[in-house]
Amino acid sequence: MWMLSALPGRGPAHLQRPLLGPASHLGILRPAMTAHSFALPVIIFTTFWGLIGIAGPWFVPKGPNRGVIITMLVATAVCCYLFWLIAILAQLNPLFGPQLKNETIWYVRFLWE
Amino acid sequence: MGSMFRSEEVALVQLFLPTAAAYTCVSRLGELGLVEFRDLNASVSAFQRRFVVDVRRCEELEKTFTFLQEEVRRAGLVLPPPEGRLPAPPPRDLLRIQEETERLAQELRDVRGNQQALRAQLHQLQLHAAVLGQGHGPQLAAAHTDGTSERMPLLQAPGGPHQDLRVNFVAGAVEPHKAPALERLLWRACRGFLIASFRELEQPLEHPVTGEPAMWMTFLISYWGEQIGQKIRKITDCFHCHVFPFLEQEEARRGALRQLQQQSQELQEVLGETERFLSQVLGRVLQLLPPGQVQVHKMKAVYLALNQCSVSTTHKCLIAEAWCSVRDLPALQEALRDSSTEEGVSAVAHRIPCRDMPPTLIRTNRFTASFQGIVDAYGVGRYQEVNPAPYTIITFPFLFAVMFGDVGHGLLMFLFALAMVLAENQPAVKAAQNEIWQTFFRGRYLLLLMGLFSIYTGFIYNECFSRATSIFPSGWSVAAMANQSGWSDAFLAQHAMLTLDPNVTGVFLGPYPFGIDPVWSLAANHLSFLNSFKMKMSVILGVVHMAFGVVLGIFNHVHFGQRHRLLLETLPELTFLLGLFGYLVFLVIYKWLCVSAASAASAPSILIHFINMFLFSHSPTNRPLYPRQEVVQATLVVLALAMVPILLLGTPLYLLRRHRPHLRRRPAGRQEEDKAGLLDLPDASVNGWSSDEEKAGGLDDEEEAELVPSEVLMHQAIHTIEFCLGCVSNTASYLRLWALSLAHAQLSEVLWAMVMSIGLGLGREVGVAAVVLVPIFAAFAVMTVAILLVMEGLSAFLHALRLHWVEFQNKFYSGTGYKLSPFTFAATDD
């Protein structure tokens with residue numbers, strides 16, 4: 001999928017190699033963060049909202065409110081999926097990073113290992 | 001689709017009601033609430049209609065009822081609500097009810113009059129007794145010490161023989177606020193020849209009419225001389241004082257007092273009897289009044305409905321025209337059959353064709369009622385046009401939530417609404433009279449959905465009372481940046497702010513899977529990122545919402561048989577909207593996907609591209625997003641502009657061409673008919689609405705009717721301008737989604753930082769912090785509810801409403817219809 005090429009160029013393999021930067025004299029190893037994939041959330045959420053919006057209407061029991069309930073299911077699925085998609089697409093290729101205070105950097109650096 | 005998709009089919013029904021059974025039939029129809037009567041006697045004034053005498057009798061009866069109700073209220077009793085089903089009584093019962101009511105009213109008036117008289121008398125006696133009982137010490141003591149019947153004046157009169165040296169007394173009672181004036185006037189008028197003593201009673205006496213306790217001042221005036229006496233009497237008369245005979249001898253006074261007390265005791269017994277009788281009468285009123293009121297109200301409503309029917313030429317039956325839902329026609333016929341067979345005649349109803357626009361009927365249950373109410377507040381839909389309400393059930397709470405997104409606030413709103421929904425059947429909740437509570441209660445399902453969606457958008461915005469949560473690990477690695485850029489402790493101490501660079505390997509590890517990355521809540525430049533994100537989100541949501549509105553118009557055109565409008569209006573509209581603003585959405589998404597941090601310095605600006613697209617110009621510093629971008633953009637702009645004349649002239653030319661054969665066939669007669677048609681428009685029939693019908697393009701049977709070319713062209717020109725300019729302004733209008741969500745986030749953050757954060761940071765010892773946190777949390781909670789929930793909630797509600805009413809609905813909804821309001825007694829039964 002051409003969309004996956006939009007990820008930053010480093011794949012998971014690079015992260016296995018320990019990074020010893022200038023702080024190595026302190027005995028700090030490379031950050032043990034896992035990369036977030038893009039494909040997995042897309043598949044999961046598309047399937048989830050797809051089940052609600054496309055498969056759900058088939059299971060609504062017959063009654064006077066069937067039409068309204070189907071409309072509600074489809075509309076909910078579309079709105080919520082679109083909103084989530086916008087949020088993740090906006091963060092896919094950030095053009096700039098967060099600007100942090102030095103205190104924040106001090107503790108987050110060791111906290112979010 | 002469900003019955004909410006568009007109005008139900010409503011038919012015009014003609015009812016033939018034989019005179020004998022007309023009353024029962026209409027009364028039965030009122031109980032069922034199926035039909036709306038049309039007024040066939042609109043040109044007849046209210047005083048000339050057939051049943052005006054009966055209506056008048058009902059109204060007089062209602063006046064008597066009001067009098068009785070007032071009396072009941074004065075006695076401090078409460079009318080019990082009427083029980084059971086009370087159908088409108090047959091006309092012959094009206095006389096009986098009238099007689100009973102009149103009798104009760106007369107009795108009540110008599111008893112009340114007696115009671116008033118007795119109480120006034122009692123009051124006088126009590127006052128007299130009080131005056132006599134009040135001791136005016138010095139004067140009486142002075143009167144006593146003399147002992148003999150001759151009294152010596154205490155002051156020597158300056159010259160002249162005295163005719164009368166006896167001391168006389170005037171005793172009475174006056175209201176306290178008049179006492180000083182009385183005293184002054186007496187002193188000035190009869191200087192030296194009187195001694196007046198004023199004393200206030202210890203206990204207030206009950207006022208006979210109002211029943212309120214009133215204070216009285218008693219006075220005792222001792223004077224010499226007949227003329228002085230006359231002056232004093234005149235003055236006391238002037239002041240409306242109560243004057244009582246005052247005997248000089250104390251035993252006589254005591255005897256008089258005893259007699260007074262005996263009299264007042266007897267009077268009180270009589271008064272008690274009167275009041276017992278009064279309560280008996282009131283008890284009968286309480287029994288008669290509630291059902292009587294309901295019955296007479298229903299009877300009056302039935303006669304008013306009968307007044308709207310016209311009389312047939314044989315005077316044997318009444319003809320009524322009514323709007324009735326097609327689904328209810330069998331029930332209507334059965335009701336008529338049942339109520340008329342009792343009288344031995346038969347009433348019939350059959351459908352007749354109509355040229356007027358029928359009323360709109362959309363059946364709702366208690367869940368959908370509030371959403372339909374929102375749509376109807378803008379305007380009730382035209383007969384059988386697409387109803388925006390089923391979509392509003394979800395899009396309204398969703399757009400509200402986009403502006404309100406916070407998990408904590410959404411949860412509070414959801415719980416409040418849930419409490420109302422779970423308690424909705426309790427009688428205490430239903431009977432509450434407070435208007436503000438009623439407003440919130442009627443919108444409980446709306447609040448429920450709004451809260452639910454707010455929780456979802458709160459998770460996406462990653463805000464819970466303005467704090468971010470790390471459900472998943474963040475996608476930004478500070479450690480990698482620090483290690484790779486050599487951020488030693490000394491370096492950090494020198495620089496207060498440092499920025500993470502996504503170009504450095506290992507810093508950005510991928511997009512956060514659900515929502516906004518929590519690192520942004522720690523960043524100083526979080527608004528730069530969020531603003532960009534939210535603005536683009538608003539435009540995307542806006543274009544999708546508006547395109548959906550245009551698509552809904554397709555259903556209208558297909559249903560009303562105007563398929564030419566699909567090609568001549570919907571297609572150009574969609575091309576214009578999607579070609580320009582859909583392309584903007586495409587640019588946004590393309591940039592998100594394809595421009596990475598590596599080329600961040602020279603990233604193309606969508607705004608400049610969009611402006612250049614319309615100006616057909618070129619900025620050399622702004623690189624294109626994709627090859628041949630300028631060609632594509634130019635094509636799109638030309639295509640969109642080409643749609644404007646199609647939109648402007650397409651439908652009018654088509655309609656004119658279709659009618660030209662008709663026009664050519666009868667040119668002369670047609671012209672006159674056209675003119676006559678135009679002249680008839682202002683004073684058409686009662687439910688005429690011809691100009692609106694024309695504007696909408698009309699139904700098929702209007703083809704033979706007026707088709708004025710200039711009007712059609714004018715209407716289409718207005719529609720075109722409105723749509724094209726509206727596209728631009730409405731898209732910008734959706735930016736309020738960004739603005740309000742930013743305001744909410746900032747308010748929430750300020751409240752946290754200024755209140756709770758300070759409270760949590762106070763004190764190292766556990767005890768101090770715990771004590772201080774209680775008032776601080778109280779302040780935080782109160783301000784959260786007042787500012788963030790109530791104020792921001794109302795604000796977001798209003799803006800979401802505006803987006804629906806204007807930006808969404810003006811793409812397909814006209815809202816120029818009227819509701820079916822059936823003839824029913826249900827409203828009067830409560």
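A search of the whole structure, a predicted model, finds 24 salt bridges over all chains. The exercises below start from that count.

**Exercise 1. Salt bridges and the chain contact**

Task: State how many salt bridges there are between chain A and chain B, and describe the contact between the chains.

Solution:
- Step 1. Take the total. Over all chains, 24 salt bridges are found.
- Step 2. Look between chain A and chain B. The count there is zero.
- Step 3. List the residues. Chain A gives 58 residues to the contact and chain B gives 78.
- Step 4. Add the area. About 6,200 Å² is buried between the two chains, and carbon and sulfur atoms give 74% of that.

**Exercise 2. A salt bridge inside a helix**

Task: Find the partner of B:Asp93 in a salt bridge, and place the pair in its helix.

Solution:
- Step 1. The partner is B:Arg96, with the closest N and O atoms 3.9 Å apart.
- Step 2. Apply the cut-off. A salt bridge needs the nitrogen within 4 Å of the carboxyl oxygen, and the pair is at 3.9 Å.
- Step 3. Place the pair. Both residues lie in helix H3 (residues 91–133) of chain B, and because they are three residues apart, about one helical turn separates them.

**Exercise 3. H3(B) and its neighbor H2(B)**

Task: Describe how helix H2 (residues 52–74) of chain B packs with H3(B).

Solution:
- Step 1. Geometry: the angle is about 35°, and the axes are 10 Å apart.
- Step 2. Handedness: the crossing is left-handed.
- Step 3. Residues: H2(B) contributes B:Leu61, B:Phe65 and B:Leu68, among others, while H3(B) contributes residues including B:Leu94, B:Ile97 and B:Leu108.
- Step 4. Classes: the contact has nine nonpolar, three polar and seven charged residues.

**Exercise 4. Two helix pairs to classify**

Task: Assign an orientation to H18(B) with H19(B), and to H4(A) with H15(B).

Solution:
- Step 1. Helix H18 (residues 564–594) and helix H19 (residues 606–615), both of chain B, pack at about 150° with axes 11 Å apart. Angles over 145 degrees count as roughly antiparallel, so H18(B) is roughly antiparallel to H19(B).
- Step 2. The contact includes B:Phe581 and B:Leu584 of H18(B) and B:Phe610 and B:Phe614 of H19(B). Its residues divide into ten nonpolar, one polar and one charged.
- Step 3. The axes of helix H4 (residues 102–111) of chain A and helix H15 (residues 478–485) of chain B come within 8 Å and cross at roughly 110°. That makes H4(A) roughly perpendicular to H15(B).
- Step 4. A:Ile105, A:Val108 and A:Arg109 meet B:Val478, B:Ala479, B:Ala482 and B:Asn483. By class, this contact has five nonpolar, one polar and one charged residue.

Key: Residues numbered from 1 in each chain as written. Chains lettered and ligands numbered in written order. Predicted model: local features only at pLDDT ≥ 70, side-chain atom pairs only at ≥ 80, totals over all residues. Heavy atoms only, no water. Axes fitted to C-alpha atoms, helices over the stretch in contact; angles between N-to-C directions. Helix = DSSP H or I, 4+ residues; strand = E, 2+ residues; numbered from the N terminus. Parallel < 35°, antiparallel > 145°, perpendicular 65-115°, else oblique. Contact = heavy atoms within 4.5 Å. Nonpolar A, V, L, I, M, F, W, Y, C, P; charged D, E, K, R; others polar. Buried area = accessible area lost by both parts, 1.4 Å probe. Salt bridge = Lys/Arg side-chain N within 4 Å of Asp/Glu carboxyl O. Left-handed = near helix turned anticlockwise from the far one by under 90°.
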